[in-house]
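Me: Could you take a close look at one helix in this structure for me, and then follow the thread outward to the salt bridges and to how far the model can be trusted? I'd enjoy one connected walk through it.

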Amino acid sequence: MDGMDEKGRFAPEIAHASLDLDALAVSDRFLLFNFTRRDDHLAYLWVLRALERLRAVHHVQAHSEDVAQALAELADTHQDVPEFDDLTALRARLDALAADGILHRLEDAARAGSLVRYRNRQSVYQFSELGYRAYSAVEDVLRARVRDANLSRLVFSDILEDLRALEAATRARDADQVYRRLSRLDTVLDDMSRRAAQFHLTLGEIMRSTDTSPQTFMKYKNALLTHMTDFMAELDRYLPRLAAAITAITALDTALDTVGVESGDSPIPAPAPGTDGVMLTLAARADDRPFLSAADKQDDWRRRWAALRAWFADDGPGFTHPRSTGTQTAGTRTAGTQTAGTQTAGTRTAGTGESRAEGLRTATRAAVSAVIALLRQVTEAQRGGVNRSSQLRHLAEWVFAAPDEPAAHALMTAAFNLRTARHLGGAHDDADQISSRATWWDAPGVEISVTLFKRGKAPTPGVPQPARNNPAVKAALARRQAEQRSAERAAARSLLDNGAHHRVLDESETRVLLRLLTLATEARTIVAGRLTSAAGGNDVLTMRLVPSDRGGTVLTQHGALHLPGFELELTPTTHGPRG
């Protein structure tokens with residue numbers, strides 16, 4: 001799930017699984033790098049280096065005293081090691097690393113040799129699995145050398161030799177040899193893709209910095225062009241042989257019938273149609289990783305073989321291995337970025353049918369053309385005497401010769417298009433909540449618009465949006481209202497024809513009656529504290545509340561509605577002549 005294989009190397013074919021992590025899991029993983037953001041991050045780094053020094057000598061669990069001793073040994077050879085005279089401060093840093101998840105903290109009662117030591121905490125620390133990988137990632141970034149990049153030109157002969165040995169081992173059904181050759185090929189291809197990615201990134205960095213440092217580019221231009229030309233020549237020489245070797249192994253693997261392994265193990269059952277062949281079955285059988293099931297091993301070797309085929313086999317658009325049942329597509333381990341649908345150094349774009357080695361050759365050829373074009377540009381700039389460096393020197397002379405400081409500021413502002421950062425002048429909505437003595441570091445941030453931050457322009461409401469006109473929705477609402485009015489009229493006519501007493505009213509009639517009763521009570525007339533009359537009606541009938549000593553009762557499906565002191569009188573509604 002973290003993009004690393006069983007050897008601790010970055011494996012792009014499984015790195016895409018990190019996209020399936022939820023936000024909480026991603027936050028927990030990022031917490032592992034929290035020590036790099038602390039003020040004393042160098043002290044935490046040396047503590048982790050001391051633990052790594054102990055781990056290298058198989059001292060997995062270390063006490064704070066052991067860590068202090070390892071730090072003292074490191075201080076003898078490195079001057080930058082901070083001093084940890086107080087074990088309490090060292091233990092506090094170890095506890096902070098344990099809280100971040102980089103270390104596991106365990107209590108070791110066996111170290112308590114006396115009652116005093118028993119009363120004190122006897123904690124031992126060791127790397128967690130993800131914590132060690134986070135520390136290794138930080139060390140990889142620190143030890144990386146930008147100029148240490150090259151294309152593996154001499155590796156193609158080794159790959160061809162391993163492919164031929166793999167074919168012979170598959171034919172002989174030597175499980176151990178198949179496992180060794182596939183593992184070596186996987187390691188070599190991983191190293192080659194990593195080197196290719198690093199080379200093209202370094203090349204882009206050199207080309208980007210040409211404006212400020214053309215001497216660097218002119219210093220390495222000949223070696224750079226020679227290196228890329230030799231690599232393309234070697235790749236053109238071995239690519240047909242490598243593709244033929246891959247095709248021969250695939251044909252042999254498809255044709256063979258599995259009978260058994262000659263090493264004395266139990267026979268391997270014949271693969272079912274549509275599943276993996278002999279070679280991958282032998283490799284999974286010889287795989288001795290104890291924490292993976294047989295199905296996981298088979299799926300892992302299937303993905304690796306698909307990535308290996310994608311490097312050299314040109315199988316046309318949309319290729320899928322005939323025996324491959326995994327979800328890994330031929331296009332995972334790339335030499336450049338792993339963005340889907342992006343053709344970079346060594347990637348196969350879906351639908352092009354181009355192997356990754358051919359893609360790497362295309363990218364290298366394009367890089368050679370870019371280097372030649374850049375060489376021509378740098379040469380012309382040096383011949384004309386106008387480049388970025390000369391422009392900056394002339395600007396510095398103008399600024400130095402300015403009559404006063406405001407003129408120098410105005411010149412620099414015009415040269416670099418500087419202006420006031422308007423997004424820094426925002427105010428909090430409730431200024432009383434923020435103390436006037438609060439510093440910028442402690443005060444909460446103020447929300448600003450994106451346009452003000454990026455372009456320095458205040459947000460505007462914009463043009464009015466057109467009103468939405470949905471004739472279908474309006475027609476549906478009108479039809480529904482017409483049906484409701486028709487049902488209400490029918491219920492009102494039934495109530496007028498059959499009366500409201502001596503029967504049980506249905507739901508529609510009850511709704512009409514209650515609505516008319518509400519209108520009548522709202523329009524009631526009170527004289528001398530008594531209700532004299534009240535009426536409410538619609539376009540079908542008019543209901544009046546007539547005072548009565550007996551009162552009235554209306555029966556509904558939900559019970560009886562009592563009207564003490566009143567009776568209901570229903571009459572048709574009369575419409576006067578229209579003027």
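Reply: Let's start with helix H5, which covers residues 87–100. Its 14 residues reach 20 Å from the first C-alpha to the last, close to the 20 Å expected at 1.5 Å a residue. Bear in mind that this is a predicted model.

Which residues of H5 are buried? They are Leu90, Arg93, Leu94, Asp95, Ala96, Leu97, Ala98 and Asp100, so that list holds Arg93, Asp95 and Asp100 alongside leucines and alanines, with buried taken as under 20% relative accessible area. The cover over these residues includes two helices, H3 (41–56) and H4 (64–77), and two strands, E2 (103–107) and E3 (123–127). Just after H5 comes Gly101, with a positive phi of about 95 degrees.

Helix H14 makes a good companion to H5. It runs over residues 388–400, and because 13 residues at 1.5 Å each should span 18 Å, the 18 Å between its end C-alpha atoms agrees with expectation. The buried residues of H14 are Ser389, Ser390 and Leu395, and what covers them includes helix H15 (405–416).

Now for the charged pairs. A search of the whole structure finds 26 salt bridges, and a few of them are worth a visit.

One of them sits within a helix: Arg194 and Asp191 form a salt bridge whose closest N and O atoms are 2.6 Å apart. Both residues lie in helix H9 (residues 175–208), three residues apart, which is about one turn of the helix. An α-helix has 3.6 residues a turn, so residues three or four places apart point the same way. How accessible are the two partners? Arg194 counts as partly exposed because its relative accessibility is 43%, and Asp191 is also partly exposed, at 27%.

Another pair reaches across the sequence. Asp539 forms a salt bridge with Arg489, with 3.2 Å between the closest N and O atoms. This pair links distant parts of the chain, 50 residues apart: Asp539 is in the loop between strand E6 (530–537) and strand E7 (541–547), while Arg489 belongs to helix H17 (residues 471–498). Asp539 counts as partly exposed at 41% relative accessibility, and Arg489 is partly exposed with a relative accessible area of 31%.

A further pair joins Arg550 to Glu567, the closest N and O atoms again being 3.2 Å apart. Here too distant parts of the chain are linked, 17 residues apart: Arg550 is in the loop between E7 and strand E8 (552–556), and Glu567 is in strand E10 (residues 566–572). With 74% relative accessibility, Arg550 counts as exposed, whereas Glu567 is partly exposed at 27%.

Salt bridges also form a network here, linking Asp186, Asp287, Arg289, Asp299, Asp300, Arg302, Arg303 and Arg304.

Finally, on trust: the mean pLDDT of the protein is 76, and 77% of its residues reach 70 or more. Over residues 1–15 the pLDDT stays under 50, and the model has 39 contacts beyond four places in sequence for them. Residues 316–351 are also below 50 in pLDDT, and that stretch has 81 contacts in the model beyond near neighbours in sequence. Where pLDDT is low, the predicted coordinates should not be read in detail.

Technical notes: Residues numbered from 1 in each chain as written. Predicted model: local features only at pLDDT ≥ 70, side-chain atom pairs only at ≥ 80, totals over all residues. Heavy atoms only, no water. Helix = DSSP H or I, 4+ residues; strand = E, 2+ residues; numbered from the N terminus. Expected span 1.5 Å × (residues − 1). Buried < 20%, exposed > 50% of the residue type's maximum accessible area, 1.4 Å probe, protein only. Contact = heavy atoms within 4.5 Å. Salt bridge = Lys/Arg side-chain N within 4 Å of Asp/Glu carboxyl O. pLDDT = per-residue confidence, 0-100.
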